[in-house]
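Student: I should like to examine a protein model with you, one element at a time. May we begin once the sequence and the coordinates are on display?

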Amino acid sequence: MKHNQFLRCCGTALCTLLLSTATHSQGFLKAKGRLIVDGKGNKVILRGMGLGGWMLQEGYMFRLANLGQQHNIRQRIEEVAGPDYTAKFYDKWLNNHTRKIDIDSMAAWGFNSIRLPMHYQLYTLPVDKEPVEGQNTWVEKGFTMTDSLVKWCKAAHIYLILDLHATPGGQGNDLPISDRYPDKPSLWESKASQEKMIALWRKLAARYANETAIGGYDVINEPNWGFENAEDKRGTAESKNEPLRALMVDITKAIREVDKNHLIIIEGNGFGNNYHGIFPVWDDNIAVSFHKYGNFNTTEAIQNFLTLGRQNNVPLWLGESGENSNTWFTEAIKLVESNDIGWCWWQLKKMGINNPLEIKFTPAYKKLVDYWSGRGTKPSQTEAIATLDELLENIKLENNSYHKDVIDAMFRQVRLATAVPFKKNTIGANTTINAVDYDMGSQRIAYFDKDTASYQYTPGVKTIGNRGHAYRNDGVDIEADDNGYHVFNIEDGEWLQYTTKVAQKGTYTVKLLVLTDTGKGKISLALGDKLLPPVWLTNYTKGWYTVDIKNVALNKGLNKIKVAADEGGFNFKSIQFIKN
């Protein structure tokens, strides 16, 4: 896909949104009661995206969940490609993963903020690598990268929020999110690591004290530690959080010595959500972050945070979320924005469909993953380097798969309960539309599926969304085949809508390409409000075959066609229109 295709706005509604969005030209973001405001006192709803995977790799992002931390991934790359190549690989990774075109594209899509998950080792050495104990050696790489990102964000009128994602020593028992070495002292077990973290924030604040493109400092990502009880691995049962509060207070003091301007964002224990013992706040320019994944999008689900905000008169920010379906995205954004809360989704790109950009999972890379997972043979060094070079190219935006349905769900569908074409479907004398190219829109607007999201953190609820994890991020189940994709796992009552433009009025034979190895299935076709007689799928086969619906009258121009499963149990590949 060409660069300019990524930079296009997603319709008039989004362009209007961009024009009305407050930018950093209005001055520093501030906490004003329960709102975040700009320098002129105007309410700002942050609509953001994180750059997960750039400065800090987590294994699951690249089908390497078994490896976990970035240092494990690096070690395995060294094993197959050698240390010299590995050093060059990581330099190229940092150059290729996030560039100006990524920032410009996010601005064009509607985002007004970016969260940068920082790895401290790009800015300073680990405490056990310092030449002089207790001193801080500064690494220029991270600061230079951040300077470039600030410049890009400023040009695109996007706020940049700095997030210390991997802290010195590591801030919790979830090892990958901080690239932690479990055999070394954690952040909470090392005074030297805490002092280094404080010094790093002071250094960053001094560098960017007068930079209005910086939206705020998210001082620590997702602490997860049992201070009172070591068995409380996630920190969710902690009742006091004294070490966490003390560290955040010390960081704030260090920042305020050099920077009186910027918003400071705090996170609780238990992955950002346990605020027991944290209040009252110690600064008059603080926002409270919470993270939300895989639970219901109801007021009850966030009531604890709404209460905290009201009781302490501080603004809230949904600082990390996502990793779900489009339906979940739309519902979550509606929920928080209705409560004057801004949001930031976790990552722009990874391998998988539930983000705006998808990094390709190629056959060569699969062979490497299979080896690292114990399912395949070790590649030669030449083969490994070729595969890793391919990956370095595939992380570039122009080589990613762009999921416009994700962007549509995060912006247009939040505001408009309408469907729009996913692809331009013009029906001529003989036209085939792929089943997976149904309209873009919300559940019950563009499609209906009985399982539309993942609620993995809701007890007793086991849903998935798209069970095939392919092509689109709606609830519709889509899987790959030898010739593209098809819809599968179709249940009774589910349906898909296609907005088409018919070139010539007339009658058409409609051919549905289906597969039913159970002998079950009943399909009906609806043209606008007109429902055609259903067709039973009784042809028991072990392959795809067509079901004909004859003499279907179509008007010239716009036609909305709905394909419904009165009885499920079949797969659906395409719909063909042949003019009689």
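Student: Which handedness has the β-α-β unit made by strand 6, helix 8 and strand 7?

Tutor: Please note that this is a predicted model. Strand 6 covers residues 214–218, and strand 7 covers residues 263–267. The two strands run parallel and are joined by three bridges. With helix 8 (residues 242–258), they make a β-α-β unit that is right-handed.

Student: Which residue of strand 6 stands opposite I264 in strand 7?

Tutor: I264 points one way from strand 7 together with I266, while L263, I265 and E267 point the other way. The residue that stands opposite I264 is Y217.

Student: In strand 8, which residue is the bridge partner of E267?

Tutor: Strand 7 also pairs with strand 8 (residues 286–292), in the parallel sense and over four bridges. E267 belongs to strand 7 and is buried. Its bridge partner in strand 8 is S289.

Student: How many of the residues of strand 7 are buried?

Tutor: L263, I265 and E267 on one side are buried, and so are I264 and I266 on the other. Strand 7 is mostly covered, and the number of its residues that are buried is five of five.

Student: Which residues have the most contacts inside the largest nonpolar core, and with what is W201 in contact?

Tutor: The largest nonpolar core has 110 residues, and those with the most contacts inside it are L116, W201, W345 and M410. Apart from this core lies another, of 37 residues, among them A446, V502, L527 and I575. Leaving aside neighbours within four places in sequence, W201 is in contact with M118, L162, L164, Y217, D218, V219, I251 and I255.

Student: Against which elements do the buried residues of helix 3 pack?

Tutor: Helix 3 (residues 70–81) has twelve residues and reaches 16 Å from its first C-alpha to its last, close to the expected 16 Å. Its buried residues are Q70, H71, I73, I77, V80 and A81. After the helix comes G82, with a positive phi near 95°. The buried residues pack against strand 4 (113–119), helix 4 (83–96), helix 12 (363–372) and helix 13 (381–394).

Student: Why is helix 11 described as largely enclosed by the rest of the structure?

Tutor: Helix 11 spans residues 326–337, and its end-to-end C-alpha reach of 16 Å is close to the value expected at 1.5 Å a residue. Its buried residues are N326, T327, W328, F329, T330, A332, I333, L335, V336 and E337. The helix is largely enclosed because the buried residues number ten of the twelve.

Student: How many disulfides does a search of the whole structure find?

Tutor: A disulfide requires cysteine sulfur atoms within 2.5 Å. For C153, the nearest cysteine sulfur is that of C344, 11 Å away. C344 is likewise in no disulfide, its nearest cysteine sulfur being that of C153. The search of the whole structure finds zero.

Student: Are C153 and C344 buried or exposed?

Tutor: The cut-off for buried is under 20% relative accessible area. C153 has a relative accessibility of 0%, and C344 has a relative accessible area of 1%. C153 therefore counts as buried, and C344 is also buried.

Student: Is N483 buried or exposed?

Tutor: N483 is found in the loop between strand 17 (478–481) and strand 18 (484–487). Its C-alpha is separated by 9.8 Å from that of K573, 90 residues apart along the chain. The cut-off for exposed is over 50% relative accessible area. N483 has 64%, so N483 is exposed.

Technical notes
Residues are numbered from 1 along each chain as its sequence is written. This is a predicted model: local features need pLDDT of at least 70, side-chain atom pairs count only at pLDDT 80 or more; totals for chains, interfaces and linings use all residues. Side-chain values use heavy atoms; hydrogens and water are left out. The expected span of a helix is 1.5 Å times one less than its number of residues. Buried means under 20% relative accessible area, exposed over 50%, partly exposed in between (1.4 Å probe, protein chains only). A nonpolar core is a set of buried Ala, Val, Leu, Ile, Met, Phe, Trp, Tyr and Cys residues joined through side-chain atoms within 4.5 Å. Contact means heavy atoms within 4.5 Å. Two strands pair if DSSP finds at least two bridges between them. A crossover is right-handed if, with the strands pointing away from the viewer, the path from the first strand over the helix to the second runs clockwise.
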